[in-house]
Amino acid sequence: MNKTPLLGELTVPGDKSISHRSVMLGALAKGTTKIENFLQGADCLSTIDCFRALGISIENHGDKNRILIHGKGLRGLSAPHSVLDCGNSGTTTRLISGILAAQPFSCELTGDASIKKRPMGRIITPLTAMGADISSINRNGCAPLKIRGRHLTGIHYQSPVASAQVKSSVLLAGLYADGLTTVTEPYPSRNHTELMLGGFGARVETDGSSATLTPPNELFAQELTVPGDISSAAYFITAAALIPGSELLIKNVGVNPTRDGILRVYQSMGADITRLHERTGSGEPVADLLIRGGRLCGTSIGGALIPALIDELPIIAVAACFAEGETVIFDAAELKVKESNRIAVMAEGLSSMGADVTETEDGMIIRGGRPLKSAVIHSRLDHRVAMSFAIAGLLCGEMPDIKGGDCVKISYPDFYDDLKKVTSC
């Protein structure tokens, strides 16, 4: 079956990471913060729900992807009347924990079955070192969490993992701490929190893989436009780069250098990707991306590059199956503790479609060039897995049966509609 070229223009939803943070900092700022192009995905709506429960008035004009957050300042949150439900969102759970650790009240956090399996010890450890009283209710290092607000002291935390969620949780706790708060990572992770804190009036200094926050007296409301999410664009970039005859323009994509690893990898694999109209918007680098179809070759992906494309590795694994030669992904054990074990789930699903994939302890070895066919795919309710296999089906010309495919609403509610749009021009 012939592959359908991707043609025309596309605008992907607002960046999920930035949307989360805009709600949190808007809630902690004095005045009304206006956010344009906010992601109306389930995860970000969980963040809105949590801050509403903490006494913040938030207007969500979903038809326009605009929200207004009527912030009450750093010390304006109030005790919730019930357990805070973070849904499927690890970002919500980990970042809000840093904020709640310093509040003058106690509360509990929970989430869905996936959240209750994801490791929270990685934030409990540094927050406890700052003086927080935070514990896993089931004593397994996972949610639900009990947080009793305490007085905090700034620390210098040497994080064993390059994780923006860990770093952000500690820095947000540092807003309330006595003294400086510093986080040093093995490699720099995405820096949206540092950039946005600076925009809201806090002082954050970076030096290599270290970020240091000086606690501010207050944060002040801002007007922000969220760039398109490169993690959502990644699926269309992949398909367009591999299907001959494709010429797709994806507009207003965030190309923050701590997030653009997929572009660097694909261009090293031979992809025809051009950045157009590069600019800065609301403190974030933005560009239009023009992708033309061609052929890719295998590559090696690991080390400091991993944090810059951790969420894109499932779709990169799909691309590797259609590239010439061998692709090796390593240093990516973090994939095991996402919404699913993405190493195991991607290796299983791609193998069932006929790919030559070997699962390793911290990644995959993929020998490209074998023809793929349709298969029954279990998404494990992981949005990035579901979207990756939809693209795999497009690339082999036969859509797989993706169980739980509606989970894409977590980060990209209109994914299937947009896929039809660019393949029917």
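The second largest pocket is lined by 17 residues, and those nearest its centre are Ala113, Ser114, Lys117, Glu339 and Ser340. This is a predicted model, with pLDDT of at least 70 needed for local features and 80 or more for side-chain atom pairs, while totals for chains, interfaces and linings use all residues. Residues are numbered from 1 along each chain as its sequence is written, and side-chain values use heavy atoms, without hydrogens and water.

A pocket here is an open set of points on a 1 Å grid over the protein atoms alone, where a 1.4 Å probe fits, with protein on both sides within 12 Å along at least five of seven lines; a lining residue has an atom within 4 Å of a point. The volume of this second pocket, meaning the space filled by probe spheres set on the points, is about 270 Å³.

Now the largest pocket, at about 610 Å³. It has 41 lining residues, with Ala162, Ser163, Ile310, Glu334 and Lys338 closest to the centre. Helices H1 (16–28), H3 (90–100), H5 (164–174) and H11 (383–396) each give two or more residues to that lining; a helix is a DSSP run of H or I, at least four residues, numbered from the N terminus. H1 supplies the largest share, 4 residues.

Last, the packing. The largest nonpolar core, a set of buried (under 20% relative accessible area, 1.4 Å probe, protein chains only) Ala, Val, Leu, Ile, Met, Phe, Trp, Tyr and Cys residues joined through side-chain atoms within 4.5 Å, has 78 residues. Phe236 is among those touching the most other members. A second, separate core of 64 residues includes Ile123, Leu145, Tyr176 and Phe200.

How values were computed. Buried means under 20% relative accessible area, exposed over 50%, partly exposed in between (1.4 Å probe, protein chains only).
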